[in-house]
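User: I have a new model open and would like a quick tour. Can we begin with the ligand and its surroundings?

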Amino acid sequence: MHGLREKCGIFGVFAPGEDVARLTFFGLHALQHRGQESAGIATTDGRKLNIFAEMGLVAQVFDEDTLAGLPGHAAIGHTRYSTTGSSVLGNAQPFLIKGVLGELAIAHNGNVVNADIMRADLEARGTRFETTSDTEVLGHLLAAAPSHWQDGFATMMRRAVGAYSLVILSKEALYAVRDPLGIRPLCIGRLNGHGWVFASETCALDHLGAEFVREVAPGEVVRVDEHGLTSTFPLGDAGDQALCLFEFIYFARPDSKLDGQLLHPVRMRMGARLSEEHPVDADLVIGVPDSATAAAIGYAAASGIPYAEGLVKNRYVGRTFIQPDQRLRERGVQLKYNPLREVIQGKRVIVVDDSIVRGTTTPRVVKMLRDAGAVEVHMRITSPPITHPCFYGVDMATRGELIAANMEVDAIRDHIGADSLGYLSLDGTVQATGLDDGRHCTACFSGVYPSEVPLQFDKFALESEASRPDHEIPVIAARPATIPLTAGRP
Ligand code: AMP
């Protein structure tokens, strides 16, 4: 199963009388940064479901004709991001699933850790799968509900372990669901006083002129139909939230709010804290655009060193990670940034970026700045070293590929060719979010996973990753208190 490397944008709208396909198109366009590989929309007019999904950016996938073929009063949409293996049309969402209670379309952001086990179980009972995605497993668990969708949600939530923010469309209703840990975001908005909107990020509501109502709560199933909005918690009270810290650092747009916090000032605070933790004498502070711009402004303001624009980004090159192999990723870095020689030449430059993952981008950025005449390059990162892979839908690479899982900070500094390197502490990162400690998933920095995860990742401290094949995921262990993955929730 290739679901491991997915982070995506999802959107849903219930708005009789509106052009819901077009609204979904605009919503997905606002969420394009969450996935650039494929895009899809499903709609319903109450009689049947219509669906269209293709590889490509939202604006490449849809045109007037395809949107006209998606009539109805409710819709869901998805922008997909993945890496090799799942980079095929068959895995483009939403998926259409046929069940006892009829058809449903499903779109997913996150990753379900025990999907392989559940899939084998379903296959043994005769379910046929058309994709390699964990999302299809969730859809079938739901669709297997014998009498009522609510039973399906309870079954699905009891069994699935990991991250799933979902939008689901049946002929009768639109649903929005968040896993009990609330690992990936999902919010609710009100449209023109009569419609309802769901989106991975609040920036999509802003673009549509929808009013933010609240977030879907961890463990909640929200249903919208012509009678309005109802909410249930199939597993009872949700447990502790574990919202992904990396959403705050990098993924989500700076104009989105997560858990009530606007991310632009959050990132400025991260930069300010970084300047306290890792001060250095220099002439300029620049950010790696666009994701680190707010943090660089925060660093500059707190340190008193002037902020400047030193790198210009070609905004039509996708995120370097989006390229599904390393060779393409490397070329991507060169195509993406161009240094402003006049600004940088002869200067001691502090460069702020949000993260170092594999260590592909940073050495190239440092070299680019030196070639443009920088006399010193001081790298500052607004996250702690990433030492553990993500299991919940972020492409963090395998542990063998994570540079900080294999090197100390001094060695990384030498590898990237910087004069100095400073990472923000985990405390500093968490405090900058403005949320209480313990409300985030910090697994990629701390190794503390909020659910069971494959043992491969936990055992790293004891043995070398290089000797273990990537896909060998034998048994599970994360926190002793959690339920064994093989069993799912009781
Ligand atoms: P790397 O080149 O592998 O060290 O990746 C670090 C760069 O990629 C940073 O500039 C980040 O802004 C960006 N980045 C970090 N994580 C991701 C991700 N999961 N997907 C896409 N880009 C990322």
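Analyst: This is a predicted model. The shell around the ligand is made up of eight nonpolar, five polar and five charged residues.

User: Which of the 18 residues around the ligand come nearest?

Analyst: Those are Tyr250, Asp353, Arg358, Gly359 and Thr361.

User: And which helix gives the largest share of the shell?

Analyst: That is helix H8, residues 245–251, which contributes three residues.

User: OK, polar contacts. What lies 2.9 Å from an oxygen atom of the ligand?

Analyst: A polar side-chain atom of Asp354 does. Backbone atoms take part too: an N or O atom of the Val357 backbone is 2.8 Å from a ligand oxygen, and a polar backbone atom of Arg358 is 2.7 Å from an oxygen atom of the ligand.

User: How much of the ligand's accessible area does the protein cover?

Analyst: On its own the ligand has 500 Å² of accessible area, and the protein covers 97% of that.

User: Switching to the backbone. Where are the cis peptide bonds you would point out?

Analyst: One joins Gln93 and Pro94, with omega about 5°. Pro94 sits in the loop between strand E4 (74–80) and strand E5 (95–99). Another runs from Pro289 to Asp290, with omega near -10°. Asp290 is in the loop between strand E17 (284–287) and helix H10 (293–303).

User: Why mention those?

Analyst: Because most peptide bonds are trans, and most residues other than glycine have a negative phi.

User: What about phi of Asn192?

Analyst: Phi of Asn192 is positive, near 50°. Asn192 lies in the loop between strand E9 (187–191) and strand E10 (195–199). Asp259 also has a positive phi, about 50°, and is found in the loop between strand E15 (257–258) and strand E16 (261–262).

Technical notes. Residues numbered from 1 in each chain as written. Predicted model: local features only at pLDDT ≥ 70, side-chain atom pairs only at ≥ 80, totals over all residues. Heavy atoms only, no water. Near = heavy atom within 4 Å. Polar contact = N/O pair within 3.5 Å; in protein donor to acceptor, adjacent residues only side chain to side chain. Areas by Shrake-Rupley, 256 points an atom, 1.4 Å probe, with all protein chains shown as cover. Helix = DSSP H or I, 4+ residues; strand = E, 2+ residues; numbered from the N terminus. Nonpolar A, V, L, I, M, F, W, Y, C, P; charged D, E, K, R; others polar.
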